[in-house]
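Reader: Please take me through this model, beginning with the terms that the later answers rely on.

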Amino acid sequence: MSTTTSPLRPRRSPLLTGLMLLYLVYTLVPLLWLFLSATKTQDDLLSSPGLWFGKSFALFGNISDTLTYNDGIFLRWLGNTLLYVVVGAGGATLLATAAGYGLAKYRFAGRRAVFAVLLGAVAVPGTALAVPTFLMFSNLGLTNTVWAIIIPSLVSPFGLYLMWVYATDAVPHDLLEAARIDGAGEIRIFFTVALRLLAPGIVTVLLFAVVSTWNNYFLPLIMLSKPNLYPLTVGLTQWSNQATGVGARPIYNLVITGSLLTIVPLVVAFLLLQRFWQSGLSAGSVKQ
Amino acid sequence: MLTLTSEVDGQMAESAVLRPRRGWLHRDTKGWIFVGPFLAVFALTFLAPIGYAIYLSLFREQAFFGGNTFVGLDNYAEVVRDSKFWEAFLRVLLFLVVQVPVMLVLALLAALAIDSARLHASSFFRIVIFLPYAVPGVVAVLMWGYIYGNNFGLAADLNDLLGSTAIQPLSKSWMLPSIANIVTWEFVGYNMLIFYSALRTVPEELYEAAAIDGAGTVRTILAVKLPALRGAIVIATIFSIIGSFQLFNEPNILRTLAPNVITTYFTPNMYAYNLSFAGQQFNYSATVAIVMGVITAVIAYVVQLRGSREAL
């Protein structure tokens, strides 16, 4: 890393660290509030200060209420989310990796057109696509099926962009040339030579694809009307509407605890895979 | 050797990308093996719906007789005269002009601080500041929405503390800044990471050269780091502009908490959504979406052109 070999080794600055700590507080306070609120009963929520514990510690009670409410629909939503993430984000990563590699390492007719079309299409807002996609899928009989969520999740223009940038530097041309001289086919070269070099980039793209599928809200909102196909995001907002709408059932504690449970897997994934995705993003600094 | 950013710039500007280099396969079609599958799904989920939306926008439903009649560009003329659309558009434009610069400057400062080697525990800062990006947007809005609320939120606590009722994040005049705060909270870390990884690609020799020339911190930032960040800044700006024009999740979810403040046409995206899913006006909704898409694409394109031509 450049910092360790730098001829400029500036002294650490307490002032800068202090300023950054302020921003850190802003980042963490809402999450702290969410955690503390998830430990409270409905009554404590209303009576205790937001940034401290309530009279009782009800976290585990809240968790079991969340998981069992309405015959365990939350677990069903979690399962749906996992399905959409594994198939959608996994497929998106595969497609983006291959395409990014292809764009970075081959000069073929139509390459510039591909670039222009991608950039143009990315600028089109979600609803410009959402309404016609809904009508199209509806005609194809795909609405209210898992495919309505999975198929659109397979395309990640941002993943393609990241992979393209990454592959440009990570896969040396000489290595490809050498493999070609050895008589290897293009697909074989991709799987045996390139894929290993692209691994940190792939983890990065996969993580971003997982986040966007896990967080997907708009698409399932319009595509699905059966609650048993909902992902967590749509399910949680439905609970929230129940809690605030007319004739509301006060299930704030379920919304809050459910929100906490929805965050945890992604945060854990990011922390555990830190080494991989950070090397994926910063590998460009280590020039081969 | 080319640096990563200059390579990206080259591609952004679409200039000199066809320059032959060692190892390229010239005039080859083998690249399609890898790009083809992506493009096939892309065509199905991006291009086909866009084509279908354009088709829809040229028709209008007959209220009494059923079926659609071809009306040419009438729907577009209606959008141009639609005050609800323009109100929504100006609202997201205002949001864009204020929120995006604040967010990107915060992200830039954070990235420079973390990259500066002057920070204690810099990798801890990097991961924690990035963390909100891992929080689903829906959860972020629900969380902030409750925090903003008067029942058990922090806004209520603050008002109690101050003995006032001055802090009303869900009221009409506070709503747009309240939404801006949520979006900023969510995306500073993400943009910081884009900037940070671009900074990592600056070759060590440049810093050495700057040091030999006697450049201080500020001068190094201006002369070395910011130029290296240009490509990343352009990309982040384009993504942020697109994100602002698409604003939907935050206002749509906050609507249940403040139904009188957030209208069904609070943003163009909400307008298009409500037109088709509450009003069954699919043709007009598609037209609104296309108009918004064209405006977004034009602005993103202009930013990209200016960004790749001008130095910072």
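Author: A residue is buried if 20 or more other C-beta atoms lie within 10 Å of its own, exposed if 12 or fewer, and partly exposed in between, with C-beta atoms placed from the backbone. The model is predicted, so local features need pLDDT of at least 70 and side-chain atom pairs count only at pLDDT 80 or more, while totals for chains, interfaces and linings use all residues. Residues are numbered from 1 along each chain as its sequence is written, and chains are lettered from A and ligands numbered from 1 in the order in which they are written.

Reader: What percentage of the residues of chain B count as buried?

Author: Chain B has 312 residues. By the cut-offs just given, the share of them that counts as buried is 46%.

Reader: Which helix gives the largest share of the largest nonpolar core?

Author: A nonpolar core is a set of buried Ala, Val, Leu, Ile, Met, Phe, Trp, Tyr and Cys residues joined through C-beta atoms within 7 Å. The largest one holds 173 residues, and it draws at least three from each of domain 1 (29–72) and domain 2 (79–309) of chain B, bounds that come from an automatic or database domain assignment. Helices are DSSP runs (H or I, at least four residues) numbered from the N terminus, and the largest share, 16 residues, comes from chain B's helix H8 (residues 175–199).

Reader: How many residues does the contact take from chain B?

Author: Two residues are in contact if their C-beta atoms, placed from the backbone, lie within 7 Å. Chain A gives 95 residues, and the number from chain B is 95.

Conventions
Helices (H or I, at least four residues) and strands (E, at least two) are DSSP runs, numbered from the N terminus.
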